Amino acid sequence: MRFGGRMSESVLLLSGGLDSATLAYTHQPDLTVTVDYGQCCADAEIQASSQIAGQLGLDHKVIQVDCQSLGAGTMAGRQGIDLGDAPEWWPYRNQLVITLVAMDVVRRGADRLLVGAVADDQSHADGQAKFFELMDSLLSFQEGNLRVETPAIDRTTEEFVREANPPESLLGWTHSCTASNAACGECRSCKKRQRVLTRIY
């Protein structure tokens, strides 16, 4: 798409979960990016994202920056801290991941960074619409004018998936577990994934 005299390019932060997989299906971005920032489930997220992008015929890239020593909670393989609202809470995680992707894709002239945030995520500050508005303001203020968009922020995961109706074969590749590369079936994310898929399919 041409925008302001140049080609517009959209990039999707693809974690391999239900929300970002559905966004990949609905928006068909020019590039999908998965970030291995040291989370314990990185291998599974990369594998899931690669399969999802491949099934949709989308380009896929992996960025690796080991920040495990800076993390907290189950995603970092450590004890959580009182500031978070969940065992997997990692300080400034969404800010970190968005920044890492932005640093990479701004060099190729991308102008839109899509994030699969949904209404379910708004119990913590970096899942709220206001957080993404602030990130959008911050990135667009800087060189490159990269914008952050959250097309599903006003819907729950179940509402978004039901509305978009991606094939079950696509969502079957998703990985949501925040505790392991093998789905534990016990964490909040595993239970949510199973609940959504059961209700829709």
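This briefing walks through a sheet, the helices that pack on it, and two buried residues. The model is predicted, so please read every value here as computed from it. At its centre of interest is an open sheet of five parallel-paired strands, in the order β5-β4-β3-β6-β7.

**The sheet**
- Strands β5 (60-64) and β7 (147-149) form the edges; each has a single partner strand, so one side of each lacks a neighbour in the sheet.
- On average, neighbouring strands of this sheet are turned by 30 degrees against each other, ignoring direction.
- Strand β4 (residues 31-36) runs parallel to β5 and is joined to it by five bridges.
- Val 35 has Ile 63 of β5 as its bridge partner.

**Helices on the sheet**
- Helix α1 (residues 18-27) packs on the sheet and touches β3 (10-13) and β6 (112-115), with its direction at about 160 degrees to that of β3.
- Helix α2 (residues 42-56) lies across β4 and β5, and runs at about 170 degrees to β4.

**Ala 102**
- Ala 102 belongs to helix α3 (residues 93-105), and it counts as buried because its relative accessibility is 8%, under the 20% cut-off.
- Leaving out residues up to four places away in sequence, Ala 102 touches Leu 139 and Leu 146.
- Asp 66 is 36 residues from Ala 102 along the chain, and their C-alpha atoms are separated by 17 Å.

**Arg 193**
- Arg 193 sits in helix α7 (residues 188-200).
- This arginine is buried yet has no salt bridge: Glu 168, the nearest side chain of opposite charge, is 8.6 Å away.
- Not counting residues up to four places away in sequence, Arg 193 touches Leu 18, Leu 171, Gly 172, Thr 174 and Ser 176.

How values were computed: Residues are numbered from 1 along each chain as its sequence is written. This is a predicted model: local features need pLDDT of at least 70, side-chain atom pairs count only at pLDDT 80 or more; totals for chains, interfaces and linings use all residues. Side-chain values use heavy atoms; hydrogens and water are left out. Helices (H or I, at least four residues) and strands (E, at least two) are DSSP runs, numbered from the N terminus. Buried means under 20% relative accessible area, exposed over 50%, partly exposed in between (1.4 Å probe, protein chains only). Lys and Arg count as positive and Asp and Glu as negative; His and the chain ends are not counted. A salt bridge is a side-chain nitrogen of Lys or Arg within 4 Å of a carboxyl oxygen of Asp or Glu. Contact means heavy atoms within 4.5 Å. Two strands pair if DSSP finds at least two bridges between them. Axes are lines fitted to C-alpha atoms, for helices over the stretch in contact, and angles run from 0 to 180 degrees between N-to-C directions.
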